[in-house]
Amino acid sequence: MKLSWIKYEKDAKSFRLPEALGFDVFKLQDLEQTDSTIKQLVKQNYDTIIVSNQVAGFSEDIIKKYQKDKEIKIVISLDKD
């Protein structure tokens, strides 16, 4: 299992623990990069991708492409607020 996280670079709260532990946390400079970043991670054999709620709102592919895909798991994290 290859796991990654995606968040907006200005989001200082999300995924602090995985980042501190050295896991693969990708920071987007532009939220419009969401779908292309997910596609890149899938090509790099990441099979579980966790995205912040803010980032998920900018993806069309999460529902259209990956909802029924049994190989790729996209998890949308909940806001703590």
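How much area does the chain expose, and what share of it do carbon and sulfur atoms supply? In this predicted model, the chain exposes about 5700 Å², and carbon and sulfur atoms supply 49% of that area. The chain is built from 4 helices and 4 strands, which follow one another along the sequence in the pattern β-α-β-α-β-α-α-β. The radius of gyration is 12 Å, close to the 12 Å that the globule rule gives for 81 residues, so the chain is as compact as a globular protein of that length.

**Overall dimensions and packing**

- Along its principal axes, the C-alpha trace of the chain extends over about 30 × 25 × 20 Å.
- Of the 81 residues in the chain, 40% count as buried.
- Among the contacts in the chain with a separation of 6 or more, 57% come from residues that lie 24 or more positions apart.

**Charge distribution**

- The chain carries 14 positive and 14 negative charges, and the mean positions of these two sets are 2 Å apart.

**Serine 77 and its surroundings**

- Serine 77 is located in the segment that comes after strand 4, which covers residues 73-76.
- Because its relative accessibility is 18%, and the cut-off for a buried residue is under 20%, serine 77 counts as buried.
- When residues up to four places away in sequence are left out, serine 77 touches Phe15, Ile50, Val51, Ser52 and Asn53.
- Of these partners, Phe15 belongs to the loop between strand 1 (3-8) and helix 1 (16-20), and Phe15 is itself buried, with a relative accessible area of 12%.

**Positive phi values outside glycine**

- Most residues other than glycine have a negative phi.
- Phenylalanine 15, the loop residue that serine 77 touches, has a phi near 60 degrees, which is a positive value in a residue other than glycine.
- Asparagine 45 likewise has a positive phi although it is not glycine, with a value near 70 degrees, and asparagine 45 is found in the loop between helix 2 (34-43) and strand 3 (48-51).
- Is each of these two loop residues buried or exposed? Phenylalanine 15 is buried, at a relative accessible area of 12%, whereas asparagine 45 is exposed, at 58%.

Note on methods:
Residues numbered from 1 in each chain as written. Predicted model: local features only at pLDDT ≥ 70, side-chain atom pairs only at ≥ 80, totals over all residues. Heavy atoms only, no water. Helix = DSSP H or I, 4+ residues; strand = E, 2+ residues; numbered from the N terminus. Rg over C-alpha atoms; globule rule 2.2 N^0.38 Å. Buried < 20%, exposed > 50% of the residue type's maximum accessible area, 1.4 Å probe, protein only. Contact = heavy atoms within 4.5 Å. Areas by Shrake-Rupley, 256 points an atom, 1.4 Å probe, with all protein chains shown as cover. Lys, Arg positive; Asp, Glu negative; His and termini not counted. Charge placed at Lys NZ, Arg CZ, Asp CG, Glu CD.
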